[in-house]
Amino acid sequence: MTDFSKLGVAAIRDGVANGEFKAVEVAEALNTRVANAKALNAFIVETPEKALEAAAAVDADRAAGKPLGKMAGVPIGMKDLFCTEGVQTTAASHILEGFVPTYESTVSANLWKAGAGMLGKLNLDQFAMGSSNETSYFGNVISPWRRNDGGNAALAPGGSSGGSSTAIAARLCPAATGTDTGGSIRQPAAFTGISGIKPTYGRCSRWGIVAFASSLDQAGPMARDVRDCAIMLEAMAGFDPKDSTSLDLPVPAWEAGLNSDLKGKRIGIPREYRLDGIDDDIAAMWDNGIAWLKDAGAEVVDVSLPHTKYALPAYYIIAPAEASSNLARYDGVRFGLRDLPEGSGLQDMYAATRAAGFGEEVRRRIMIGTYVLSAGFYDAYYTQAQKVRALIARDFEQAWASCDLILAPTAPSAAFGLGEKTSDPLSMYLNDVFAVPASLAGLPAMSVPGGLSKDGLPLGLQIIGKALDEQAVLNAGLAIEERSGFTAEAGEWW
Amino acid sequence: MSVDKDTVNKIARLSRIAISDAEADKMVGELNGILAWVEQLGEVDVTGVEPMTAVIANKLRLRDDVVTDGDVREKVLANAPAREGSFFGVPKVIE
């Protein structure tokens with residue numbers, strides 16, 4: 001009897017295609033694992049019937065000799081930021097509790113068309129605002145990982161795609177969707193010992209994804225290895241006329257193009273990322289990553305990204321500014337929560353609804369965004385931040401003169417404990433210091449496991465590539481994966 | 001630049017978010033902490049730099065001038081918290 005929880009996307013797809021097992025068997029096994037993992041709180045809604053229905057359709061297609069899709073028979077988790085027709089979509093907020101979309105997001109529709117099935121909607125930071133999955137209205141997601149000190153302190157799975165990272169690391173699903181605005185795929189992947197790629201801005205349609213900061217939001221796959229990420233990204237990506245920033249380009253055959261021979265590739269090591277007081281474990285992992293890429297044939301060069309230290313402050317102006325505008329739609333009139341205090345008028349209803357429906361971090365970011373866009377402050381904050389953003393993108397452009405890819409840590413530390421950073425918003429923001437620059441520049445970036453910390457927790461290596469060069473990013477990720485020998489898994493305590 | 005409690009209340013009003021007095025007090029400190037940190041952007045020399053408008057060069061497309069959707073009233077109203085017939089219900093606006 002096959003243990004389906006151990007199989008990745010490629011193994012399930014190939015096993016179903018070759019008739020080694022039925023898609024329905026996989027769906028049943030993973031439905032059970034999801035149902036038995038409530039302690040992790042990874043799912044907001046479970047949809048076992050959807051997983052079974054998709055699997056049965058794949059089995060029927062195979063029996064009828066029809067061609068199967070790229071993800072045929074693979075049950076996945078769907079971050080609850082993607083609108084799913086007929087299934088509650090909340091962005092982990094109270095204001096959207098009970099919202100049942102009457103349409104399907106483009107990315108999720110692409111995945112169902114490719115033969116994937118939905119195990120359920122995954123928990124996340126509310127409106128994708130957070131780095132630890134502690135801002136969800138539906139409670140914290142608990143990482144399956146624990147430190148090797150014998151204690152059982154609950155650790156953050158990263159954020160905002162924390163339900164996705166936990167579900168994959170706990171082997172509840174082989175893969176899940178994520179979205180990345182300032183690190184929300186890569187940092188949770190790093191914290192839980194899995195892989196995840198944010199493609200070039202515009203590769204995946206934003207249509208039907210609950211908007212946070214539209215110039216930064218980008219969907220991508222999270223899975224247990226690089227090949228699985230390549231397969232799923234192929235299924236997710238593609239031109240969509242419904243998204244005005246969607247790139248009208250063919251989707252490359254990333255899986256077929258995988259090649260870990262990096263001869264002729266130059267890997268840039270950005271000196272500004274070597275912060276004073278960098279964590280010893282992170283520094284050692286980074287050195288290992290450099291050695292692995294050299295071993296794969298790459299040449300390693302020093303590069304400079306001089307505006308790196310300004311990326312986070314620029315991000316924390318631009319993202320809240322866009323959020324304050326995007327989240328203006330939650331007004332208690334057309335969908336979602338309405339709070340109408342006795343005898344109040346329209347304006348009071350808006351204010352009461354939004355106070356009751358948005359969590360603390362979301363309210364904070366809307367207010368910062370409103371402030372930096374307000375009359376008298378717009379130029380000093382917002383325009384200045386957009387100019388700095390242009391300089392950050394230019395830093396990368398100049399670096400590409402001497403390198404093809406950049407290697408850096410994904411996050412400055414291993415997973416922290418739940419509650420450790422919630423009292424100080426700034427200390428939480430600083431966790432995204434290495435992830436945000438690639439987001440601001442719209443570049444493809446991936447996190448792959450790079451080793452374990454002294455505490456026995458996973459650490460992630462980040463590869464940043466040129467715009468549209470996901471293939472080189474995936475290839476370097478594969479080269480690391482083949483050399484890192486990372487096989488650690490979270491023990492099953494839940 | 002730093003904000004005081006009056007400014008916080010004004011931002012909350014502009015944001016259409018009701019806040020209590022205690023929340024406004026707390027928010028003064030939090031917003032000032034974050035704003036003091038983002039001020040460091042002021043030290044960057046941006047002479048001659050255009051603010052970024054598109055992260056990946058992309059032309060806005062024009063589509064054919066034809067009707068592509070509509071006739072989905074039930075879907076549009078399906079999630080309305082206070083539907084009135086075929087309309088969104090709101091509290092009385094004009095006395």
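Okay, let's start where the two chains meet. The contact draws 39 residues from chain B and 58 residues from chain A. On the chain B side, two helices each put in at least two residues: helix 1, residues 5-14, and helix 2, residues 21-38. Helix 2 of chain B gives the largest share of that side, 7 residues. And if you sort the chain B residues that touch chain A by character, you get 28 nonpolar, 6 polar and 5 charged.

Before I go on: this is a predicted model. The predictor gives the complex an ipTM of 0.96 and a pTM of 0.97. Chain B has an average pLDDT of 93, with 98% of the residues scoring at least 70. Going by element within chain B, helix 1 comes out with the highest mean pLDDT, 97, and helix 2 with the lowest, 94.

Now over to chain A. We've got 15 helices and 11 strands there. Chain A has a radius of gyration of 21 Å, close to the 23 Å that the globule rule gives for 494 residues, so it's as compact as a globular protein of that length. The C-alpha trace of chain A spans about 65 × 55 × 50 Å along its principal axes. Of those 494 residues, 61% count as buried. And if you take the contacts in chain A between residues at least 6 apart in sequence, 78% of them join residues at least 24 apart.

The UniProt record, an unreviewed entry, has a "domain: Amidase" annotation covering residues 26-474 of chain A. Over that stretch the chain is 34% helix and 14% strand, and the C-alpha atoms at its two ends sit 27 Å apart.

On to the inside. In soluble globular proteins, nonpolar side chains tend to be buried together. Here, the largest nonpolar core has 176 residues, and those with the most contacts inside it are Ile76(A), Ala175(A), Met232(A), Leu293(A), Ala314(A) and Ile317(A). Which helix gives the most to this core? That's helix 9 of chain A, residues 311-326, with 10 residues. Let me pick out Ala314(A). Setting aside neighbours within four places in sequence, Ala314(A) is in contact with Ala385(A), Val388(A), Arg389(A), Ile392(A) and Leu440(A), plus Leu41(B) from the other chain.

Right, the annotated site. That unreviewed UniProt entry also has an "active site" annotation, covering Lys79(A), Ser160(A) and Ser184(A). These three are spread over 106 residues of sequence, yet they cluster in space, with a largest C-alpha distance of 11.3 Å.

Let's take them one by one. Lys79(A) is in strand 2 of chain A. Is Lys79(A) buried or exposed? It has 32 C-beta neighbours inside 10 Å, so Lys79(A) counts as buried. Beyond four places in sequence, the contacts of Lys79(A) include Leu122(A), Ser161(A), Gly163(A), Gly178(A) and Thr179(A).

Ser160(A) is in the loop between strand 3 and helix 5 of chain A. Look at the backbone just there: the peptide bond from Gly159(A) to Ser160(A) is cis, with omega near 10°.

Ser184(A) is in a loop as well, the one between strand 4 and helix 6 of chain A. With 37 C-beta neighbours inside 10 Å, Ser184(A) counts as buried. What does Ser184(A) touch, leaving aside residues within four places in sequence? Its contacts are Ala128(A), Gly159(A), Ser160(A), Ser161(A), Gly178(A) and Thr179(A). So both residues of that cis peptide bond, Gly159(A) and Ser160(A), are on the contact list of Ser184(A).

Stay with the loop between strand 3 and helix 5 for a second, since Ser143(A) is in it too. Ser143(A) counts as buried because it has 30 C-beta neighbours inside 10 Å. The C-alpha atoms of Ser143(A) and Gly162(A) are 8.0 Å apart, with those positions 19 residues apart along the chain. Among the residues Ser143(A) touches are Leu155(A), Thr166(A), Phe191(A) and Ala415(A).

Last bit: two backbone oddities. Ala91(A) isn't a glycine, but its phi is positive, near 55°. Ala91(A) is in the loop between strand 2 and helix 4 of chain A, and with 31 C-beta neighbours inside 10 Å it counts as buried. Arg171(A), not a glycine either, has a positive phi of about 60°. Arg171(A) is in the loop between helix 5 and strand 4 of chain A, and its 21 C-beta neighbours inside 10 Å make it buried too.

Note on methods. Residues numbered from 1 in each chain as written. Chains lettered and ligands numbered in written order. Predicted model: local features only at pLDDT ≥ 70, side-chain atom pairs only at ≥ 80, totals over all residues. Contact = placed C-beta atoms within 7 Å. Helix = DSSP H or I, 4+ residues; strand = E, 2+ residues; numbered from the N terminus. Nonpolar A, V, L, I, M, F, W, Y, C, P; charged D, E, K, R; others polar. Core = buried A, V, L, I, M, F, W, Y, C linked by C-beta atoms within 7 Å. Buried ≥ 20, exposed ≤ 12 C-beta atoms within 10 Å, placed from the backbone. UniProt positions renumbered as here; feature names shortened; annotations may be inferred. pLDDT = per-residue confidence, 0-100. Rg over C-alpha atoms; globule rule 2.2 N^0.38 Å.
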